[in-house]
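Visitor: I would like to learn how to read a structure feature by feature, with the model open in front of me. Could we take one feature at a time?

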Amino acid sequence: MKKSVSIYVRLGIMMFLQYMLMASFFEPLALFLKNMKMGDFMIATITATLGWGSLISPLVGMIADRYINGERVLSVLNMLVAIFLCLAAYFSSCEHLGESRNILIFVSIFLAMCAYMPTWGMTSSIAMTHSDPNYFPWIRLCGTAGWVSAAIFSIVALKVFDTHIDGTNTTLYCGAGVGFVASLFGLTLPATPPPAKGTPMSLIDTFGLRSLEMLKDGNLRVFMMSTFCRTFVYSMYFLYMSEFLNHVGVKMIVATANVGQIIEVCCLFALPFVIRAIGLKYTMALGLLALAIRYICFRFTTPEHPDLLWGAIVMQGPIFGCFLVSAQIYMDRKSPKELRSQAQGLFFCITEGFGLLLGAYLMRALIYVCTDNNVVDWEQVYTIVSIMAVALLVFFLTCFRDKVAMKSYKQD
């Protein structure tokens, strides 16, 4: 490695904390909202805050590209996340607030996600700035380890305090605690000065939209459309998975879901070798294939026959590692140095922003349509989503033909 070991260690810890923060509270969020007696529209609106937060990622990326060191921006954002998650948890306990309680929870989580979602692009940009691109998947692996370790909160609560915290506001406090630690640790990261500081700036630059010029590339447009559709389809699992797991009798939701993240660790470790062997395009295609397999497994999972649940869970490894991380690498290879943070922000804006926003409402509407007498027909839900996933795989394989994505990992 050309960079010092200490830098790689710090970048790994950065990723570990950033994704541990998210997993601590977001995986059981839908169940928490359900337990708060919120209706379908409000649940969809609150889970969609992740998408709204992603929409401002290019703007935050512009600030890091032009004005303020990236590690300082990251530290401030994580402190804001901690504050707003604490407020959301506090308001959920205030029964005297009546109907306004749900509004205050929504506002708090909305502000928390507006602060949190840009950190995905920021951490990727910081990591790629200070590391050899060949080792980025291994740095990102630490984020997966952080996601897996979030299960510690629910396991300790159950084993030590004999309490189930999944679906309660305790998970929000857990996320806030991790956010506070991540904020302080951000100050120890290597300095990441704004690469475009002092360059002329237009109104487009002010709103962080310079990276939109990259979409003149036809292959990049197909790529963005594919990632958008992938996130839309994935949102059924990401946003509403806790309800389905509860339906099939799973008690420790975060711990169960994190079995997939353990497989993800293995996939991320192997990812550089896979990309070297088959290129970015077919590595991403493996991720889309795994997405289709997951939903087909869910289609045949019932409370009486839950075995296929584990087949669906372990698909998280290739779904995330093969597609999303490879997609970030592709985006970094396609973006000019001075737009690196904005380009990563654009990627998350289109995928985690618009993709999750659409998914939050339409997937919730699908659940509503497939519900009769307050009982969801999950077989029907996952039949439809499986068809979507297969169609996306076919579209990606036939329409995405970028030579950059076909190259091996070592080539330029």
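**Reading the features one by one**

Guide: Let us begin with a single residue, S108, which counts as buried because its relative accessibility is 4%, under the 20% that sets the limit for that class. Please keep in mind throughout that this is a predicted model, and that every value I quote is computed from it.

Visitor: Where does S108 lie, and what is the C-alpha separation between S108 and C86?

Guide: S108 belongs to helix α7, which covers residues 100-116. Its C-alpha atom and that of C86 are separated by 8.6 Å, with the two residues 22 positions apart along the chain.

Visitor: How should I read a salt bridge, and how many does the structure hold?

Guide: The general idea is that side chains of opposite charge can pair when their charged atoms come close. The cut-off used here is a side-chain nitrogen of Lys or Arg within 4 Å of a carboxyl oxygen of Asp or Glu, and the structure holds 5 such salt bridges. In one of them R72 pairs with E71, at 4.0 Å from N to O, and E71 counts as buried because its relative accessibility is 6%.

Visitor: Which parts of the chain are linked by the pair R299 and E379?

Guide: The side chains of R299 and E379 meet at 3.5 Å, N to O. This pair links distant parts of the chain, since R299 sits in helix α14 and E379 in helix α18 (residues 378-399), 80 residues apart. R299 is partly exposed, with a relative accessible area of 23%, and E379 is also classed as partly exposed, at 37%.

Visitor: Which residues do salt bridges with shared partners join into one network?

Guide: That network consists of K34, D40, E243 and R364. Within it, D40 forms a salt bridge with K34, and the closest N and O atoms of that pair are 4.0 Å apart. D40 is partly exposed, with 28% relative accessible area, and K34 is partly exposed as well, at 37%.

Visitor: How do I read a pocket, and which residues lie closest to the centre of the largest pocket?

Guide: A pocket is an open space, whereas a cavity is one from which the probe cannot get out. Here the largest pocket contains about 390 Å³ of space. It is lined by 17 residues, and those closest to its centre are K34, E243, R364, N374 and V376. K34, E243 and R364 are also members of the salt-bridge network just described. The elements α2, α13, α17 (340-369) and β2 each supply at least two residues of the pocket lining, which by class has 7 nonpolar, 6 polar and 4 charged residues.

Visitor: And for the enclosed spaces, how many cavities of 30 Å³ or more are there, and what volume does the largest cavity have?

Guide: The count comes to 5 cavities of 30 Å³ or more, and the largest cavity has a volume of about 230 Å³. There are 19 residues in its lining, and W147, Y234, F238, Q316 and F320 are the closest to its centre. Two or more lining residues come from each of α9 (136-149), α13 (218-247), α14 (253-299) and α16 (316-334), with the largest share, 5 residues, given by α13. Sorted by class, the lining of the largest cavity has 10 nonpolar, 4 polar and 5 charged residues.

Visitor: Turning to the surface, which residues form the nonpolar patch?

Guide: The patch is formed by I278, Y282, L286, L289, I293 and L397, which together have about 460 Å² of accessible area. Its largest share, 5 residues, comes from α14, the helix in which L286 has its place. L286 counts as partly exposed because its relative accessibility is 37%, a value that also passes the patch cut-off of over 30%.

Visitor: Lastly, what is the phi of K37, and where is N373 found?

Guide: K37 has a positive phi of about 65° although it is not a glycine, and its place is the loop between α2 (29-35) and α3 (40-47). K37 is exposed, with a relative accessible area of 73%. N373, found in the loop between β1 (371-372) and β2 (375-376), likewise has a positive phi, about 55°, without being a glycine. N373 counts as exposed because its relative accessibility is 69%.

Definitions and conventions. Residues are numbered from 1 along each chain as its sequence is written. This is a predicted model: local features need pLDDT of at least 70, side-chain atom pairs count only at pLDDT 80 or more; totals for chains, interfaces and linings use all residues. Side-chain values use heavy atoms; hydrogens and water are left out. On a 1 Å grid over the protein atoms alone, a cavity is a set of points where a 1.4 Å probe fits but cannot get out, and a pocket is an open set with protein on both sides within 12 Å along at least five of seven lines; lining residues have an atom within 4 Å of a point. Grid points are joined across faces, edges and corners, and a volume is the space filled by probe spheres set on the points. Helices (H or I, at least four residues) and strands (E, at least two) are DSSP runs, numbered from the N terminus. Ala, Val, Leu, Ile, Met, Phe, Trp, Tyr, Cys and Pro count as nonpolar, Asp, Glu, Lys and Arg as charged, and the others, Gly among them, as polar. Patches are made of residues with over 30% relative accessible area and no salt bridge: like charges are joined within 9 Å, nonpolar side chains (Val, Leu, Ile, Met, Phe, Trp, Tyr) within 5 Å. Accessible areas come from the Shrake-Rupley method with a 1.4 Å probe; for residues, only the protein chains shown count as cover. Buried means under 20% relative accessible area, exposed over 50%, partly exposed in between (1.4 Å probe, protein chains only).
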